[in-house]
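Grab a viewer and a pencil. Here are a few exercises to work through, each with a solution right below.

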Amino acid sequence: MNGPETLSSETALLAALRNGDEDAFSALVDTYGAAMRRVALTFVRSSAVADEVVQEAWLGALRGLDRFEGRSALRTWLLRIVANVARTHAVREARTVPFSSLELAEHEPALPPDRFQGPDEQHPHRWVSFPRPWPAEPDSALLSAETRKLIADTIAGLPDGQRVVISLRDVEGWDSAEVCSVLELSETNQRVLLHRARSKVRAALERHLTTEST
Amino acid sequence: MNDEFKCQEMIEVVTDYLDDGMPPEERQRFERHLSYCAGCSTYVEQMRETIRQTGTIPREESLPPSLREEIVAQFRNWRRG
């Protein structure tokens, strides 16, 4: 994602921005603005606050333009700025601090222990009964829309760290290196949060899809 | 046989597996378990399906026009110094 073409066009773009070229700036806003706003929304939820965050982030980027040394891609640099501004706002909104050690320290099994046989049973730690296969994807667009809403609602209800990580990884499609870099998370912690989030979304789909078919 | 994964352990390392975060030896043990356990195979398949479905949630592809305008106005101010 950071090939020579990107780098040379980014160098030209940066020069244009430093010269105050409004067309270059507008093009940059059109390229990364929507992604930045989605990142802001994964932290703060209210769209009014997200808009403030995005504006503040652009201002911060402009002020930091001279300090941008091109060591990361422009995209990653912008996303890191918006993530930092959004995190500050989220704290100010008196919501819990994302990625708090509290959230990571809690032990959270992917499934309730009663899905597995106890230590004294015939096959300890094996399935009590296998997960039931899900029906093939329904053809009806309505059912798919319903499934997507269920996923979106489940993600919205996750603890902050899990919600942000699954949104960036699986909704936005970022790779883990980028998520770790932007959120300043270790690879291990990122994976723990992602695992918990995905496990909960799977469990929600399981409840939805297997209740429906009975 | 003692180093075999138990089902309850499998479901906790499935993200390591899908994210290529497993040392080769562990990966082999994981795949060995999958080869004989239908329950865990279904589970891993459902995690893959979950990731796929999550990727289809609709996303906002552009900025609200008024916000875009404000950001560009901010740029003009910044340029003026």
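The exercises below deal with a predicted model, moving from chains to domains, cores and one helix.

**Exercise 1.** Work out how many residues of chain A are in contact with chain B, and which helices of chain A supply them.

*Solution.* Start with the count: 42 residues of chain A are in contact with 39 residues of chain B. Next, go through the helices of chain A: H2 (22–44), H3 (47–64), H6 (141–156), H7 (160–171) and H9 (187–212) each put at least two residues on the side that touches chain B. Finally, sort that side of chain A by residue type, and you get 22 nonpolar, 9 polar and 11 charged.

**Exercise 2.** Find how the two domains of chain A sit relative to each other and what domain 1 brings to their contact.

*Solution.* First, split chain A into domain 1 (4–92) and domain 2 (101–212). Taken over C-alpha atoms, the centres of these two domains of chain A are 30 Å apart. Now look at the contact: 7 residues of domain 1 of chain A meet 9 residues of domain 2 of chain A. On the domain 1 side, H2 and H4 of chain A each supply at least two residues, and H4(A) gives the most, with 4 residues. By type, that side of domain 1 holds 3 nonpolar, 2 polar and 2 charged residues.

**Exercise 3.** Locate the largest nonpolar core and say why it lies between the domains of chain A.

*Solution.* This core has 47 residues, and Ala40(A), Val82(A) and Ala86(A) touch the most other members. Among the elements giving two or more residues are H8 (176–183) of chain A and, from the other chain, H4 (65–80) of chain B. The largest share, 10 residues, comes from H4(A). Since domain 1 and domain 2 of chain A both give residues to the core, it lies between them. Zoom in on Val82(A): leaving out residues up to four places away in sequence, it touches Met36(A), Val39(A), Ala40(A), Val53(A), Val54(A) and Ala57(A). There's also a second, separate core of 14 residues, including Ala110(A), Phe30(B), Cys37(B) and Tyr43(B).

**Exercise 4.** Check the span of H7(A) against what its 12 residues should give, then decide whether the helix is mostly covered or mostly open.

*Solution.* At 1.5 Å a residue, the 12 residues of H7(A) should span 16 Å, and the end C-alpha atoms are 15 Å apart, so the two agree. As for cover, 10 of the 12 residues are buried, and H7(A) is mostly covered. The buried ones include Arg163(A), Ile166(A), Arg169(A) and Asp170(A). Just after H7(A), Gly173(A) has a positive phi of about 80°.

Key. Residues are numbered from 1 along each chain as its sequence is written. Chains are lettered from A and ligands numbered from 1 in the order in which they are written. This is a predicted model: local features need pLDDT of at least 70, side-chain atom pairs count only at pLDDT 80 or more; totals for chains, interfaces and linings use all residues. Two residues are in contact if their C-beta atoms, placed from the backbone, lie within 7 Å. Ala, Val, Leu, Ile, Met, Phe, Trp, Tyr, Cys and Pro count as nonpolar, Asp, Glu, Lys and Arg as charged, and the others, Gly among them, as polar. A nonpolar core is a set of buried Ala, Val, Leu, Ile, Met, Phe, Trp, Tyr and Cys residues joined through C-beta atoms within 7 Å. A residue is buried if 20 or more other C-beta atoms lie within 10 Å of its own, exposed if 12 or fewer, and partly exposed in between; C-beta atoms are placed from the backbone. Domain bounds come from an automatic or database domain assignment. The expected span of a helix is 1.5 Å times one less than its number of residues.
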